[in-house]
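Reader: Got a minute to walk me through this model? Short answers are fine.

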Amino acid sequence: MFLSSFSVSCQCLPLILIAVPVPGKELQGHSSQKLLAPLLLLLLLNVVAAVSGDSPVPVSGFLGEQVVLPCTYKGNVPVSDLLVIWRTEKEEILYEFVDGNDDLAQQDPRFRNRANLFKGQLEQGNWSVLISDLRETDQDVYQCWIQKRVGVLFYSEQSDSVDLSVKERAPTPGPNTHVSGPGVTTRARVGLGIGIAAVFVVGIVGYIVLKRQRRKQNLHKMAALNGDPLREVTMHQDGAAGEQNLLGNGAAQH
């Protein structure tokens, strides 16, 4: 962890050493006070260059599942001479690899046993990390920080950022919502069938009512044509009893 925190400032070391006077000698025409401002400016520029990079690559995963945070090394330094650190914006260590081996002593406890590198692809430059059993707390911006060894120090080679978003997967459709066609579920088909049946029944009932009304109208018309609408209606309603009444009326008249 000491190396990782020291490596940013050590990039600027060569620039500083060039400008610092040799002990016991004075730079003619210059004082240490006049060199302070340029040195601070160079230091600031190097630090900004070390931590700056492209916009984070968006990556999304689902709760409880796996996700790969991509990082591809573009240099040609051997794996044994690289220091690779995956960390969050809060500098929580997701994974650390140095001297050709894992160094997980500083790994954040919440990532323990859930993060892995693709060890068989490191020489090809694949420094992506696999996170398993995704949690809501994993949603963060991660940085893949790759540094190369020069002597006993490490110098920044590459810095990539990944913006991880964690989502909840939509529930699997149940038996009543099984998709049986493009956009049509079993529940929808049942509802459609009930609707059609209801329309059919209403149509039949309406037809019967209309037919009875027309029959009644026809009976009234026939009775009106015979000149005795009341008697015709009585005959139709009472059947044989109506006929007997008519016969009785006829005998009384004779």
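Author: Below we take the overall make-up, then strands, salt bridges and surface.
The model is predicted, so local features need pLDDT of at least 70 and side-chain atom pairs count only at pLDDT 80 or more, while totals for chains, interfaces and linings use all residues. Residues are numbered from 1 along each chain as its sequence is written, and side-chain values use heavy atoms, with hydrogens and water left out.

Reader: What does the secondary structure of the protein chain come to?

Author: Six helices and 11 strands. Helices (H or I, at least four residues) and strands (E, at least two) are DSSP runs, numbered from the N terminus.

Reader: How much of the chain is buried?

Author: 26% of the 254 residues. Buried means under 20% relative accessible area, exposed over 50%, and partly exposed in between (1.4 Å probe, protein chains only).

Reader: And which share of the contacts is between residues 24 or more positions apart?

Author: 58% of the contacts with a separation of 6 or more. A contact means heavy atoms within 4.5 Å.

Reader: On to strands. Why is β8 largely enclosed?

Author: Because eight of the 11 residues in β8 (residues 140-150) are buried.

Reader: Which strands pair with β8?

Author: β3 (residues 82-88) pairs with β8 in the antiparallel sense over seven bridges. Leucine 82 faces lysine 148 of β8 there. β9 (residues 153-167) also pairs antiparallel with β8, over 11 bridges. In that pairing, arginine 149 has phenylalanine 154 as its bridge partner. Two strands pair if DSSP finds at least two bridges between them.

Reader: What sits between β8 and β9?

Author: Two residues, in a hairpin. Glycine 151 in the turn has a positive phi of about 70°.

Reader: What order does the open sheet of three strands have?

Author: β2-β7-β6, with antiparallel pairing. β2 (67-69) and β6 are the edge strands, each pairing on one side only. β2 and β7 (residues 129-131) are joined by three bridges, and leucine 69 is partnered with valine 129.

Reader: Switching to salt bridges. How many does a search of the whole structure find?

Author: Nine. A salt bridge is a side-chain nitrogen of Lys or Arg within 4 Å of a carboxyl oxygen of Asp or Glu.

Reader: What does arginine 149 bind to in a salt bridge?

Author: Aspartate 99, with the closest N and O atoms 1.8 Å apart. Aspartate 99 lies in the loop between β4 (93-98) and β5 and arginine 149 in β8, so the pair ties together parts 50 residues apart in sequence. Aspartate 99 is partly exposed at 42% relative accessible area, and arginine 149 is partly exposed at 27%.

Reader: And arginine 110 with aspartate 138: buried or exposed?

Author: Both are buried. Salt bridges that share partners join Glu92, Asp108, Arg110, Arg114 and Asp138 into one network. The side chains of arginine 110 and aspartate 138 meet at 3.5 Å, N to O.

Reader: Last one, the surface. Which residues make the nonpolar patch?

Author: Phe200, Val201, Ile204, Val205, Tyr207, Ile208 and Val209, over about 670 Å². Patches are made of residues with over 30% relative accessible area and no salt bridge; like charges are joined within 9 Å, nonpolar side chains (Val, Leu, Ile, Met, Phe, Trp, Tyr) within 5 Å. Accessible areas come from the Shrake-Rupley method with a 1.4 Å probe, and for residues only the protein chains shown count as cover.

Reader: Where does phenylalanine 200 lie?

Author: In helix α4 (residues 186-225). Phenylalanine 200 counts as exposed, at 56% relative accessibility.
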